[in-house]
Amino acid sequence: MPTSDAAESGSVADDAETSHGFALTERLAARQERGLRRELQPVDRVSARTRRAPDPRGGRPEYGEERLVFAANDYLGLAADERVRRAAREATAIGTGAGASRLVTGDTGLHRALERDLADAKGTERALVFSSGYATNVGTISALDPDVIFSDELNHASIIDGCRLADAETVVYDHCDPDSLAEAMATRQRDGAADASWLVVTDSVFSMDGDVAPLSDLCDVADRYGAWLMVDEAHATGLYEEGGIVQREGLTDRVQVQMGTLSKALASQGGYVAGSEPLVEHLLNAARSFVFSTGLAPPAAGAAREALRIAREGPRREQLWENVARLREGLDSLGYDVLGETQILPVLVGDRADAVALSAALRERGVVAPAIRPPTVPDGTSRVRVAPMATHTADEIDDCLAAFETGGREVGLR
Ligand code: PMP
């Protein structure tokens, strides 16, 4: 048996004249050197408080002390909610997995009920659920098969990968800048390219900056050229009005493709597209990540459906926004520069080492909030991303603020 190191470094066949292996140990070392090596850290449960373990590799995790989580996308805290858990359990009566693609035998009444609820929340004719948000973006963009895609420069990786897979010409416009989009479209038009189809694609809430795309202005520009607009509401679904930012801005009839995930505020797994009947029929025929992938697991569908119902009721959302306001005001009064205007609070630090040091100082004080550094964000804009949940108590928000106060002082940021 080769050792795993030998296998990783591609040196198994020492007597071979040339190597066609993958040199993984060296590649990992190179990542480490560039500060890009990542680590898994198991938690004992998904909730506002968890115990974490150092990476056990193939072994059993050994959990440390309980910490406050200000780093999750489970914004409404519904992953630990008894009603959502019950819905997931009850859905196992249908099956623990879908057993096949939706187009074979994996389509159930529960999928259809979830899709009706999503279409209702998003104000569209129909919706279609996929097995992840990532699969939704790559499948949808490539199935639309646009000639040109106009994409915000800070769009999520799954949108970028969808653009690559679509093999379309992709024009990147400046972040949240309708003038930059208009200029890119005018240039394209002037060049006289004989394109049939143009797709503009943007996140609504940007996960690293906590800001919101100017959707109404983007609609105006897209309309001028008869282009379609696709909006990724991953970080907005269930949090704004009954749907997302598209609903808050009254743009339901102007956004042709509303995409989102079930994996963040809806406390489950999966993604969706909401839109017209022909859009959904086209996607279920042509989106390869839908056609050639097993249907969403029934417990995930059941959990998402119940979470959507709870989110639409309102009180959980109100709790979240109260926590967001308390935390934002507290950080402001401590003198921190907090970006954005949403439930995501990026605390701007600047220097990458300072951001890492602040995140470590918070961890020592029982608060988990990650440092976000280049290449994820531009040089000089390293930050600590703080995401409160509806289930944090006022005392827990105050504990987080106290950690920022003393931790920031220790690191020399205040
Ligand atoms: N879009 C955006 C904007 C996201 O932030 C994410 C997840 N981080 C996704 C899509 C992918 O969703 P999922 O995690 O459900 O695959």
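In this predicted model, the shell of residues around the ligand receives its greatest contribution from helix 5, which spans residues 133-144 and supplies three residues. The shell comprises 14 residues, of which Tyr134, Asp232, His235, Ser263 and Lys264 come nearest to the ligand. When these surroundings are sorted by class, nine residues of the shell are polar, three are charged and two are nonpolar. The space that the ligand takes up is the largest pocket.

Individual polar contacts can be described atom by atom. A polar backbone atom of tyrosine 134 is found 2.9 Å from an oxygen atom of the ligand, whereas the contacts of histidine 156 and lysine 264 involve their side chains. In the case of histidine 156, an N or O atom of the side chain is 3.3 Å from a nitrogen atom of the ligand; for lysine 264, the distance between a polar side-chain atom and a nitrogen atom of the ligand is 3.1 Å. The ligand taken alone exposes 390 Å², and the protein buries 83% of that area.

Apart from the ligand site, the model contains an open sheet of three strands, arranged in the order 1-2-12 and with mixed pairing. Strand 1 (49-51) and strand 12 (367-368) form the edges of this sheet, since each of them pairs on one side only. The pairing between strand 1 and strand 2, the latter covering residues 66-69, is antiparallel and extends over three bridges. Within this pairing, threonine 50 has arginine 67 of strand 2 as its bridge partner.

Two features of the backbone also deserve description. Most peptide bonds are trans, and most residues other than glycine have a negative phi. Against this background, the peptide bond leading from proline 374 to proline 375 is cis, with an omega near 10°, and proline 375 is located in the loop that runs between strand 13 (371-372) and strand 14 (382-386). Aspartate 167, a residue other than glycine, has a positive phi, with a value near 60°. The position of aspartate 167 is likewise in a loop, in this case between helix 6 (157-166) and strand 5 (169-173).

How values were computed: Residues numbered from 1 in each chain as written. Predicted model: local features only at pLDDT ≥ 70, side-chain atom pairs only at ≥ 80, totals over all residues. Heavy atoms only, no water. Near = heavy atom within 4 Å. Polar contact = N/O pair within 3.5 Å; in protein donor to acceptor, adjacent residues only side chain to side chain. Areas by Shrake-Rupley, 256 points an atom, 1.4 Å probe, with all protein chains shown as cover. 1 Å grid on protein atoms, 1.4 Å probe; cavity = no way out; pocket = protein on both sides within 12 Å on 5 of 7 lines; lining within 4 Å. Sits in = over half its atoms within 2 Å of the grid points. Helix = DSSP H or I, 4+ residues; strand = E, 2+ residues; numbered from the N terminus. Nonpolar A, V, L, I, M, F, W, Y, C, P; charged D, E, K, R; others polar. Pairing = 2+ DSSP bridges.
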